[in-house]
Amino acid sequence: MFLTRLVRAARPLKRTDDVFRRVENEATIVLGQRKLFQRLVPGAMHALIFWGFLVLFPTILMAGIGAIDRDWSFPWLGRQGWYMAMVDVFIVAVLVGIAAAVWIRKVVRPRRFDGSHLGEADLILFMIALVVLTLLGWHAARIAAGLNEWPAHWSFLSNAVSHLVGSGASARERILVWAHVGVILTFLCYLPYSKHLHIATAAINVYFSRTRRPGRLEPLRFDVPEAELRFGAGTIRDLTWKEMVDSFSCTECGRCQDVCPAYATGKSLSPKLVIMGIRDQVFAEGPNLLAGGELTPIAGNGVPEDMIWDCVTCGACVHECPVSIEHIDHIVDLRRDLVMVQSSFPAEAESMLRDVERVGNPWGKPQGDRESWAEGLGVRVVAEGEPAPEILYWVGCAAAYDERARVAAESTVKLLQKAGVDFAILGARESCTGDPARRMGNEYVFQAYAEQNVATLNETGVTKIVASCPHCLNSLGNEYPDFGGRYEVVHHTQLLAELLRDGKLEPAKSETEITYHDSCYLARHNDVAAEPRELVAAVGKPVEMEKHGKNTFCCGAGGAHMWMEERGSPINEERVRQAAETGAETLAVACPFCTVMLDDGVRASGKQLRVVDVSTLLLEGVSDT
Amino acid sequence: MTLVFLEGVDDELSRQAVTLAESLGGDVRAVTVDGPFAPAAWAAAIVDAAGGDDIVGPGSDRGNEVLAHVAAQLDLPFAANVSEVRGDQLTRIRWGGTLLEEARLHADRKVLTAAPFAFVASVDSTQAQVLAPNLDGAVAVVDHIAPDTGGKVSLADAKVVVSGGRGVGSAEGFAILEDLAALLDAAVGCSRVVTSAGWRPHSDQVGQTGTKVSPDLYIACGISGATQHIAGCKGAKALLAINADREATIFAHADYAVIGDLHEIVPAIAAELRKVKGS
Amino acid sequence: MRILVCVKRVPITGGRMVLTADAQAIETKHLGFTISPHEECGVEEAVRIVESAGGEVVVLTLGPEEAAEQIRDCMAIGADRGIHLVSSEEWDAQATAGAIADAIRGEEPFDLIVFGNESADAGGYQVGIRVAYALGLPVVTGLKGLTVDGGRARCEQEVPGGRDVYDVALPAVVTVKEGLNLPRYPSVPAKLRAKSKPLDARPAERPASRLEKLRLVVPEGSRKQAEILGEGPGAAPRVVEVMQQLGVA
């Protein structure tokens, strides 16, 4: 089949590990419709139709064979009254679901459908309704013609309708079974050409999605023969099979578009349109791909270049997607080709890339200055040859070079010293983890730094690391294992929360209302949301924003956007607006990028908010006692 | 005896070179060269005129070029941008002036250029002999293109330069700098980061590999202070640095400092100037 | 067109000059390295010329073993071949020019030989000119514009008040300045290909130095104590006062 041939022609990807969790995902996400239920009403609507589809599945076979052999009945199941009762219940459930769907699409008309093919959706809903109605009609006619192999009174609805069948029931039974089969066959033919294709691919897509370490990007290999080299996604020939199946699974529901911070602030990026664009290009050029012919680039055709650069890699789309599409992989792969092969990327990011590559940090400041922030604080610097501390504090470039981000590092070391933790920093031997380069698509520079840092860390004998920056946390903990670096990596809020629980730090609590902003790379990509809240609750009165935890709204710095210009209205100002709405006067953060972005946002919007790291709040709390 | 090559009798850097020549001791005579610029031919004329004397010139681009030709023709070592001479030892600048080299000259004749602003311009009115070079078959200037500045103050000549770095944030961010520059009749400059990002053209770049400026006041906004950049504005009589980071390196090279967000400070200065001018 | 571009490995110094204990060199322990921006533009220009007119770009450097990194970078921009004169010592400009001229004489003749106007570190302003004399070639310096056509080069040299134009016959030596072009960001396939392009490394023996470096010194007064006029927009009145004192407002 065309689709399987496409998938088999695609680039390889290893997703066969962690079987237990994959099966668990199938159970919860597919069977349990867990991600769909992240939005209650649409989730219920779909669940009814989906579960209906599952329960009604055997009736397709019953109809298919029953159409040819009138007296054939499904062994055992076809005679179970309770099963036919369930069938009737779920026919109603499906119809209720469709009614809900029609109401959502025609009355509520949510913005997430902007850009989706609405006509196609209407047709699909209509056909589903027709499927269950013809099924109902057939069962009713079968009862009326006395052909039911099951006790009729069980299937209460079909039974009731059977009274409407009238004379000529046998003939009508045949007509209805063929109508039913006809609708299903038509639907099956239409399936591969519509978004309803997802019913074939979604379960597969969910199975093969990431099971853990959502923040880890798939590495590229540069040490392979030229024919196997892959520099991201230039044409559809470069897509991995998972990216292909992703594109086949999109239902155009638009939930990803709804939660995308770039889309919400007027930029052209819609994760939905990115996947749809890739899908359309795969279908259009698929025959060419299989025939070994010429292909056109995806960037600028299926996916406009603006969209590719607008992304902040926050992961809200991936978190929201009911069929486990991994949009970030697509966007980063597209960026990889643009950056590494075409050398085509926003000009203002070129200095950052050159600085990371040549100087060792995106600020372009001398590596030798990495220790200056710690001068006078009595922090041990592990020189070459010296033994590793119990826990290494990975400072990160932001804290070393940015005056606002520095404050959190100063607070953290003072707290660690107060609690008597044996820690040290690498100082000038610390280099950029490479995160901004990798998120921009420069996998080559990233790997050079990953290898360098892993060598330094392994030589020093580091086993446990605490990082203040969630981007460092993500790279060190989730991505460095691919390069031989296996360390226990925690965020500074996790370590501080542990110290708090152990009674090593005893802050005073105040009445200040504090709203905590979850960093995307902390809450979504690394599942750390509880510990920062423990710290906030210990020093003040926490008040939550609507979009918090895994539903957090980005500060706008991710995806290397800290170094790129932003079109449209700024994401950081939108988040500041959301924070101000809570009424709190303190906006607590746990990430140096969030610190700078949200502080910029407060200054630009003139709101009365103090942007401060949780470590600083904690320090202020213990200093008062 | 020392021969000084002057680009022009009133040229500032050339008059500074006279001071260097005088510091070598002995008599000093000055020459200029007439006609279209032809480096090898001009150098030959200078070599002829010099006889066996030491030869000194200004540390401008042209001065360095001509004296390098002179040294090549005489097969002598050439020390460019010298800031001090003590017998056969000298000090010259490296890295655009942010580092000094002490060196010993192994030659019986000196060929030197004076590092810009390392010497005070000689006050003596300079009589210079005008040389006429032999231009037969020489590589010479055949044409001249005047720049299209659109009436703006040229960076190299401006008395005040308002310069922006990464801290300005975007091409549009330079609007406030241009506004301030207009009030001061100043030129707008920028650092290398800004030209790499495409926010300003290379012709605005101040730095070791850009334009070297020597204004009365250089205002560095959101510039961190990399040596590349410092090398370009060292000639400034006064440097005012505006930066949000009080640890920024630029402050070590500045005479005056304002700590804070340039997006607030620069317009405030402009507003204050308007107030003062209006009254 | 056969073009040779000469480059020099220099450290990226950042904001401060820190010297080694013996004051003979800059402390480079945590510094990255590059070639001067002038030279990068030179390599880019050579590659562009050969891309349109055909030919070969050769990159040459005189430097320590690690300078091979810079040659590979130039190959990633598009240079075809590299010549590495290996020496861990510091050479003065005159000796450098001599070694380069010798190396060039051992090659097939070049149509164009490109240098940066001055090196980022020593800033001697003379290597290109001396090589031209050694090879008997015309030389034009400080170029911001270069057009090569029909065996001649039209050269634009930046001067105060505009640009001077020269027209020289090839073969010739030129020295160029940053601003000549916007160097490309090399692609990763180009970087990978650069790893296997031919690089001829040979040891170079440094002759006695006629301008002998004795030591390096960080200049006095390069660490000033800036007078803080204030913080934030409230400093504006004080700033204007200073401007009036300086006579600019």
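Buried area is the accessible area, taken with a 1.4 Å probe, that two parts lose on being put together, summed over both. In this predicted model, the area buried between chain B and chain C is about 6,700 Å². Carbon and sulfur atoms give 58% of that area. Trp95(B), Glu102(B) and Tyr256(B) supply 10% of what chain B buries against chain C, more than any other three residues. The contact takes 82 residues from chain B and 80 residues from chain C.

Polar and charged interactions across this interface were then counted. Seven salt bridges are found between chain B and chain C. In one salt bridge, the side chains of Arg62(B) and Asp164(C) meet at 2.9 Å, N to O. Between the two chains, 39 residue pairs are in polar contact, with both residues at pLDDT 80 or more. Helix H3 of chain B, residues 61-74, contributes nine residues to the side of chain B that touches chain C, the largest share. By residue class, that side of chain B divides into 45 nonpolar, 20 polar and 17 charged residues.

Strand pairing also links the chains. Strand S9 of chain B (residues 141-145) and strand S9 of chain C (residues 162-169) run antiparallel. Four bridges join these strands. Within the pairing, His144(B) stands opposite Asp164(C). Asp164(C) is also the residue whose side chain meets that of Arg62(B) in a salt bridge.

The interface inside chain B was treated in the manner of the interface between chains. Chain B is divided into domain 1 (2-131) and domain 2 (160-278). The C-alpha centres of these domains lie 32 Å apart. Five residues of domain 1 are in contact with seven residues of domain 2. Together the two domains of chain B bury about 490 Å² between them. Of this area, 66% is on carbon and sulfur atoms. Gly96(B), Thr98(B) and Phe117(B) supply 70% of the area that domain 1 buries against domain 2, more than any other three residues.

Zero salt bridges are found across the interface of domain 1 and domain 2 of chain B. The number of residue pairs in polar contact there, with both at pLDDT 80 or more, is also zero. The side of domain 1 that touches domain 2 consists of two nonpolar residues, three polar residues and no charged residues. A salt bridge requires a side-chain nitrogen of Lys or Arg and a carboxyl oxygen of Asp or Glu.

Note on methods:
Residues are numbered from 1 along each chain as its sequence is written. Chains are lettered from A and ligands numbered from 1 in the order in which they are written. Side-chain values use heavy atoms; hydrogens and water are left out. Domain bounds come from an automatic or database domain assignment. Contact means heavy atoms within 4.5 Å. A salt bridge is a side-chain nitrogen of Lys or Arg within 4 Å of a carboxyl oxygen of Asp or Glu. A polar contact is a pair of N or O atoms within 3.5 Å; within protein, one must be able to donate a hydrogen and the other to accept it, and residues adjacent in sequence count only if both atoms are side-chain atoms. Ala, Val, Leu, Ile, Met, Phe, Trp, Tyr, Cys and Pro count as nonpolar, Asp, Glu, Lys and Arg as charged, and the others, Gly among them, as polar. Helices (H or I, at least four residues) and strands (E, at least two) are DSSP runs, numbered from the N terminus. Two strands pair if DSSP finds at least two bridges between them.
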